[in-house]
Amino acid sequence: MFCFQCEQTAGCSGCTGKAGVCGKKAETAGLQDRLTGALISLAKDEERAGREKLPEAVAELMMRGLFATVTNVNFDDAALEDLIKEIHGQKETEDYNMEALWNGNEDIRSLKSLILFGLRGMAAYAWHAAVLGYQDEEVNRFFCTGLAAVGTEQTMEQMLPLVLKTGEVNLKCMELLDRANTGTYGTPEPTEVGMNVEKGPFIVVSGHDLYIIKRLLEQTEGKGVNIYTHGEMLPAHGYPELKKYPHLKGNFGTAWQNQQKEFAGIPAPVLFTTNCLMPPKDSYKDRIFTTEVVAYPEMVHIGEDRDFTPVIEKALELGGYSEEQEFSGINGGKIMTTGFAHGTVLAAADQVVEAVKQGAIRHFFLVGGCDGAKPGRNYYTEFVKKAPQDSVILTLACGKYRFNDLDLGTIGGLPRLMDMGQCNDAYSAIRVAVTLAEAFDCGVNELPLSLVLSWYEQKAVCILLTLLHLGIKNILLGPSLPAFVSPNVLNFLVEHYNLQPIGDPQTDIQKLMNR
Ligand code: FSO
Ligand code: SF4
């Protein structure tokens, strides 16, 4: 096998041999390559046909097929084989052979990887929006345009604009998902979320899919089963149409990479709606349920009917804790807050602008992105702890679990730490940055704002491409740079965008504030 799409790739170069670091077996990796090769040839067919509107079935397959290959989503060979068959039913030409990509020129492979992995991340966002009835023709079409380019001989000069175009289309896709989420569940409100678990039956819901948690909340109403979010589902607590359910109680555990420890012996089922699923340990594998594009061999999968009866029955059977259990975050805090999406932050825009003009707020740091297992990720905790009192920390995605239980106090009447939501809510951060730039009549790069990002999987790739498309410079990225960025491509990113690896937290803070 060969896979180098995520941050934990073996030896910072690529997973080979019998299995990847994430637990993906060589056979599964081979099937994911075949699936991608089939999608590429379907995309080329569509590009050749040049139909005005992409057929719904093709758009759906693009989203599901790409999403299934994102890190920690689908480990189930049978499910992947079914998907490949479905794609074969829609096309006539032979599948693209992925070996041609992996063994090609290093720089071309690097640029094509940026596009392919960016499309994989974007597919997840497009899927969540589509489930809520929101689709965009340009977004759907670009899955084909991008994939067709990955499967065609290209020069670096041809690929570079497409890399940035991926970021541009992903911005549109995140905007679409933002509209879908807020249009369906309302504008997120600042909300405190506890970490304790009450006694009695409960279900833990992980991943990003708000539609699924809503269905589960409906189906558990009046059944004596409480619901707790996990990982990227935490921001669900901020949405009026979700927080109105009194049995949506709190958040269980911390970021995805701690699940094998945190789920051991848990007296409740866990429902995975998206990544990040790790290979379940024996101590809790009878309690793992998957749905939508997520799948793992032998785990019960809830299908298209989205009938969660098996999960609810499992919760009732396990019974939960006999007494309320106390939990805390990684820094010992008991409360997390969420719900500071663009709707709330921009409603306070005048207050923010005034606080900057008065000198109360000297700097904004967006410290966000994915969490992961590497020890170097402690950098983000240290960074936030050491950031000066007159700075505001905006955050999003699962990387926030490194510091979201800290009480950082307030500044200019606003909390110093504001959780904008999931990774796709990078859209909120962009909206806030653009609005501040307008208020101060300057470019985003001139704002007292620095981006300190952590990455792990392919959603982070499409978000990074969006930031590059917007011309945002001086981003610090960690904990390590992607293995699929070749030295020449890295040079290009450094030269044009001053993209830099993270270093020492204190030194980086000084550097960013004095910029
Ligand atoms: Fe994290 Fe996993 Fe949201 Fe990712 S839970 S790592 S970037 O899937 O998608 O932030
Ligand atoms: Fe390795 Fe990451 Fe690929 Fe898994 S997804 S095989 S850990 S590079």
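**Exercise 1. Helix 14**

Which residues of helix 14 are buried? Find them in the predicted model, then trace what they pack against.

Solution. Step 1: the buried residues of helix 14 are Y379, Y380, T381, F383 and V384.

Step 2: these residues pack against strand 9, strand 10 (391–395), strand 14 (449–454), strand 15 (476–478) and helix 18 (505–513).

Step 3: take F383, which has a relative accessibility of 0% and therefore counts as buried. The cut-off for buried is under 20% relative accessible area.

**Exercise 2. Two aromatic pairs**

Classify the ring pairs F252–F263 and F365–F383, and place each partner in the chain.

Solution. Step 1: the structure holds 22 aromatic pairs. In the pair F252 and F263, the ring centres are 6.1 Å apart and the planes stand at 25 degrees, so this pair is stacked. The limit for stacking is under 30 degrees.

Step 2: F252 sits in the loop between strand 4 (248–251) and helix 10 (259–262), and F263 in the loop between helix 10 and strand 5 (270–272), so the pair ties together parts 11 residues apart in sequence. Both F252 and F263 are buried.

Step 3: F365 and F383 have their centres 5.1 Å apart with 85 degrees between the planes, an edge-to-face pair. F365 belongs to strand 9 (residues 363–369) and F383 to helix 14 (residues 378–386); the pair links distant parts of the chain, 18 residues apart. F365 has a relative accessible area of 0% and is buried.

Step 4: F252 and F263 also belong to one aromatic cluster, formed with F202, Y228, F272, Y284, Y321 and F327.

**Exercise 3. The open sheet**

Give the strand order of the open sheet of 6 strands, name its edges, and describe the helices that lie across it.

Solution. Step 1: the order is 4-3-2-5-6-7, with parallel pairing.

Step 2: strand 4 and strand 7 (300–302) are the edge strands, since each pairs on one side only. From one strand to the next, the twist averages 30 degrees.

Step 3: strand 6 (residues 288–291) pairs with strand 7 in the parallel sense over 3 bridges. T290 has H301 in strand 7 as its bridge partner.

Step 4: helix 8 (residues 210–220) lies across strand 2 (202–206), strand 3 (226–230), strand 4, strand 5 and strand 6, and runs at about 165 degrees to strand 3. Helix 11 (residues 309–318) lies across strand 2, strand 6 and strand 7, at about 135 degrees to strand 2.

**Exercise 4. Salt bridges**

For the salt bridges K172–D136, R287–D286 and E317–K314, state the distance and decide whether each partner is buried, partly exposed or exposed.

Solution. Step 1: side chains of opposite charge can pair when their charged atoms come close. The count of salt bridges in this structure is 28.

Step 2: in K172–D136 the closest N and O atoms are 3.8 Å apart. The pair links distant parts of the chain, with K172 in helix 7 (residues 156–185) and D136 in the loop between helix 5 (106–131) and helix 6 (137–150), 36 residues apart. K172 is partly exposed at 34% relative accessibility, while D136 is buried at 16%.

Step 3: in R287–D286 the closest N and O atoms are 3.0 Å apart. R287 is buried, with a relative accessible area of 13%, and D286 is partly exposed at 39% relative accessibility.

Step 4: E317 and K314 meet in a salt bridge of 3.7 Å, N to O. They are 3 residues apart in helix 11, and are therefore separated by about one helical turn. E317 is exposed at 58% relative accessibility, whereas K314 is buried at 14%.

Step 5: salt bridges that share partners join D136, E138, K165, E168 and K172 into one network.

**Exercise 5. The largest nonpolar core**

Which residues touch the most other members of the largest nonpolar core, and which residues does L116 contact?

Solution. Step 1: the largest nonpolar core has 147 residues, of which M62, L116, F143, L147, I203, I213 and L242 touch the most other members.

Step 2: helix 5 supplies the largest share of this core, 14 residues.

Step 3: leaving aside neighbours within four places in sequence, L116 is in contact with T36, L66, M98, L101, W102, L147 and V150.

Note on methods:
Residues are numbered from 1 along each chain as its sequence is written. Chains are lettered from A and ligands numbered from 1 in the order in which they are written. This is a predicted model: local features need pLDDT of at least 70, side-chain atom pairs count only at pLDDT 80 or more; totals for chains, interfaces and linings use all residues. Side-chain values use heavy atoms; hydrogens and water are left out. Rings of Phe, Tyr and Trp (its six-membered ring) pair if their centres lie within 6.5 Å; planes under 30 degrees apart count as stacked, over 60 as edge-to-face and the rest as tilted. Helices (H or I, at least four residues) and strands (E, at least two) are DSSP runs, numbered from the N terminus. Buried means under 20% relative accessible area, exposed over 50%, partly exposed in between (1.4 Å probe, protein chains only). Two strands pair if DSSP finds at least two bridges between them. Axes are lines fitted to C-alpha atoms, for helices over the stretch in contact, and angles run from 0 to 180 degrees between N-to-C directions. Contact means heavy atoms within 4.5 Å. A salt bridge is a side-chain nitrogen of Lys or Arg within 4 Å of a carboxyl oxygen of Asp or Glu. A nonpolar core is a set of buried Ala, Val, Leu, Ile, Met, Phe, Trp, Tyr and Cys residues joined through side-chain atoms within 4.5 Å.
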